[in-house]
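Biologist: Please take me through this model feature by feature. I would like the general idea each time, then the case at hand.

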Amino acid sequence: LSMIERLSSGIKMDFEVKRMEPLFRDQADYDEFDQRHAGHQVKTADLARYSGNCYLGIDAGSTTTKVALVGEGGAGCVTKLANQIIVNLTIAAVSEALVLATKAGADPEKVYQAIRSGLAGSAVLDAKAPMMLARNFQPGGKLSINMKDIKNVLATAHQADVPLPLSAGLYEIMTSLKNMGCLDNDHSGIVKFYERLAGVEVRPQ
């Protein structure tokens, strides 16, 4: 069985991805929902969890949720894991870049402003770089929760025989941050790992 089939069938997994009931019975059911909710936006409070066959894309600071049907039961869980890979590895890349800029003598605020409109720009960059620069690590997404997600990513990958070297390295970074007492930080706090290695702190000059 594929990973999605195993999630859908209710076979017990070794990790903490919860099996969730499909939000939609079929494509027709989803299409009816789509007609009722223009742009697929609904109140987040009305959808309390990720569903087994769809992905709920919650925008930062928003009270609405974009609902996308992504496949059979279990596909929503896999989509959630894919999202967490991209988000957390992007934060790690932003951290590396701003620490390099700082150590090399550039103003990391100016570097961020210079690159944000180019190909390096992203929603993650615009959400997390300002937090790093302001030393604001109040959690929007706690590092502890994201560490659990990356653990689930790796467990899923191991069962599917998919090597994920970047995610594996990120989990070790998160383990180091756990030992530094940073698990209650926002996951923008990943920058603290790189700051410790380089002996600098990312701040505007």
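**Reading a helix, its core and its loops**

Modeller: I will begin where one helix ends: after α7 comes Gly181, with a positive phi near 80°. Bear in mind throughout that this is a predicted model.

Biologist: What is the order of helices and strands along the sequence?

Modeller: The protein has 8 helices and 3 strands. Along the sequence they run α-α-β-β-β-α-α-α-α-α-α.

Biologist: What pLDDT does the protein average?

Modeller: The average is 80, and 65% of the residues score at least 70. Over residues 40-51 the pLDDT falls below 50, although this stretch has 38 contacts in the model beyond near neighbours in sequence. Residues 58-64 are also below 50, with 12 such contacts. Where pLDDT is low, the predicted coordinates should not be read in detail.

Biologist: How much of the protein is buried, and how much area does the protein expose?

Modeller: Of the 205 residues, 40% are buried. The exposed area is about 11200 Å², of which carbon and sulfur atoms supply 55%. As for contacts between residues at least 6 apart in sequence, 64% join residues at least 24 apart.

Biologist: Take α7 as a worked case. How far does α7 reach from its first C-alpha to its last?

Modeller: Helix α7 covers residues 165-179, which is 15 residues, and reaches 22 Å. That is close to the 21 Å expected at 1.5 Å a residue.

Biologist: Which residues of α7 are buried, and which are exposed on the other side?

Modeller: Start with the general idea. An α-helix has 3.6 residues a turn, so residues three or four places apart point the same way. In α7 the buried residues are Ser167, Leu170, Ile173, Met174 and Leu177. Seen down the helix axis, the buried residues of α7 fall within an arc of 110°, so they line one face. On the other side, Pro165, Glu172 and Asn179 are exposed.

Biologist: What do the buried residues of α7 pack against?

Modeller: They pack against three helices: α3 (75-103), α6 (143-159) and α8 (191-198).

Biologist: Which residues touch the most other members of the largest nonpolar core?

Modeller: That core has 30 residues, and Met174, Leu177, Ile190 and Tyr194 touch the most other members. At least two residues of the core come from each of α3, α5, α6, α7 and α8. The largest share, 7 residues, is from α3. Met174 and Leu177 have already appeared among the buried residues of α7.

Biologist: Which residues is Tyr194 in contact with, leaving aside neighbours within four places in sequence?

Modeller: Tyr194 is in contact with Ala92, Ser95, Glu96, Val99 and Ile173. Ile173 belongs to the buried set of α7.

Biologist: Now the loops. Where is Arg135, and what is its phi?

Modeller: Arg135 sits in the loop between α5 (123-134) and α6. Its phi is near 55°, a positive value in a residue other than glycine.

Biologist: Is Arg135 buried or exposed?

Modeller: The cut-off for buried is under 20% relative accessible area. Arg135 has a relative accessibility of 19%, so it counts as buried.

Biologist: Where is Asp161 found, and is Asp161 buried or exposed?

Modeller: Asp161 lies in the loop between α6 and α7. Its phi is near 60°, again positive in a residue other than glycine. Asp161 has a relative accessible area of 67% and is therefore exposed.

Conventions. Residues numbered from 1 in each chain as written. Predicted model: local features only at pLDDT ≥ 70, side-chain atom pairs only at ≥ 80, totals over all residues. Heavy atoms only, no water. Helix = DSSP H or I, 4+ residues; strand = E, 2+ residues; numbered from the N terminus. Buried < 20%, exposed > 50% of the residue type's maximum accessible area, 1.4 Å probe, protein only. Contact = heavy atoms within 4.5 Å. Areas by Shrake-Rupley, 256 points an atom, 1.4 Å probe, with all protein chains shown as cover. Expected span 1.5 Å × (residues − 1). Arc of directions from axis to C-beta. pLDDT = per-residue confidence, 0-100. Core = buried A, V, L, I, M, F, W, Y, C linked by side-chain atoms within 4.5 Å.
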